[in-house]
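Open the model in your viewer and keep the selection panel at hand. The tour goes from the whole chain to single residues.

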Amino acid sequence: MIVLAATPLGNDADASPRLRAELEAADIVAAEDTRRLLNLAGRLGLTLSGRVTPYHEHNESEAAAQLLETAKAGRRVVVVTDAGMPSVSDPGYRLVALAATHDVPVTVVPGPSAVLTALALSGLASDRFAFEGFPPRKDGERRTYFASLCTEPRTMIFFESPRRLADTLAAMRDTFGPDRRAAVCRELTKTFEEVKRAPLDELVEWAADVRGEITIVVEGAPSRANDAVAHVAEVLALHGAGLRLKDAAAHVAKREGLRKKELYELALEAE
């Protein structure tokens, strides 16, 4: 069997009893960083009897095939990353996909997740959300990427390096608008955990000297339908003054950046 096991984000007390048991019982522990795993095991007082092997983004394809063969031979393979849940912006996905094609059972030891922890702390809508991982590093690519998300209605969650945080927030501000609400979550579950909730414009100024592990949560785009509803009365007023309803809708839609057809249909219904 292959076991995906979530490890603490920063507070060792979050290590579950199942995580401890799986690490001690594993025939092989595949770790994103073997030194970090051994340090964690030492702090938790665990004895790892199985072999510890590296499994990270640079050897993932080759290592996944080897781990699969090990599991097919009847061994228990436990996969861990530096922090949080394997396969969520970390190694693990390819191994699970490979296991599925070979009917090798996979199970999960649930536990800490920076994505869900940041979402819960953000104070933003959590009924619908999208995890986007790390944005592109180059400024032009980053801005193009955010432009593609400009109308995303779901709350968005990103990881980012503290070195690029201010530039990323500035690109978000310029694309999503200065008033879009967001939260920057720093050092989750650690001693100096901090959550800064503010509009993007304010966060850009704050982020200049931020350090530590960063997760950004950004409010989804407002509903364009609601924006259109807010301008129906103006369309009807212009129509009452003599403009054709379609022309009035086109005039207001162009000025406000709305869809002409949508605004026209709402005005027609209201009339």
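Domain bounds, as used here, come from an automatic or database domain assignment. For this protein, a predicted model, that assignment gives domain 1 (2–112), domain 2 (115–218) and domain 3 (224–270). Colour these three ranges separately before going on.

**Whole chain**

Switch to a cartoon view. The protein has 12 helices and 10 strands. Its radius of gyration is 24 Å, well over the 18 Å that the globule rule gives for 271 residues, so the protein is more spread out than a compact globule. A box drawn along the principal axes to hold the C-alpha atoms would be roughly 85 × 45 × 35 Å. Now show domain 1 and domain 3 together: their C-alpha centres lie 56 Å apart.

**Surface and contacts**

Turn on the surface. About 14100 Å² is exposed, and carbon and sulfur atoms supply 49% of that area. Of the 271 residues, 42% are buried. Colour by charge next: the protein has 34 positive and 40 negative charges, and the mean positions of the two sets are 2 Å apart. Among contacts with a separation of 6 or more, 71% are between residues 24 or more positions apart.

**Serine 87**

Select serine 87, in the loop between β4 (77–80) and α4 (93–101). Its phi is near 80 degrees, a positive value in a residue other than glycine. Is serine 87 buried or exposed? Serine 87 falls in between: with a relative accessible area of 30%, it is partly exposed.

**Aspartate 103**

Move past α4 to aspartate 103, which lies in the loop leading to β5 (106–109). Here too phi is positive in a residue other than glycine, near 55 degrees. Aspartate 103 has a relative accessible area of 72%. That value makes aspartate 103 exposed, because the cut-off for exposed is over 50%.

**Lysine 190**

Finish at lysine 190, in the loop between β8 (181–186) and β9 (194–199). Lysine 190 is partly exposed, with a relative accessible area of 29%. Which residues does lysine 190 contact, leaving aside neighbours within four places in sequence? They are Leu9, Gly10 and Glu213. Show leucine 9 as well and draw a distance between the two C-alpha atoms: lysine 190 and leucine 9 are separated by 7.8 Å, although they are 181 residues apart along the chain.

How values were computed: Residues numbered from 1 in each chain as written. Predicted model: local features only at pLDDT ≥ 70, side-chain atom pairs only at ≥ 80, totals over all residues. Heavy atoms only, no water. Helix = DSSP H or I, 4+ residues; strand = E, 2+ residues; numbered from the N terminus. Rg over C-alpha atoms; globule rule 2.2 N^0.38 Å. Buried < 20%, exposed > 50% of the residue type's maximum accessible area, 1.4 Å probe, protein only. Contact = heavy atoms within 4.5 Å. Areas by Shrake-Rupley, 256 points an atom, 1.4 Å probe, with all protein chains shown as cover. Lys, Arg positive; Asp, Glu negative; His and termini not counted. Charge placed at Lys NZ, Arg CZ, Asp CG, Glu CD.
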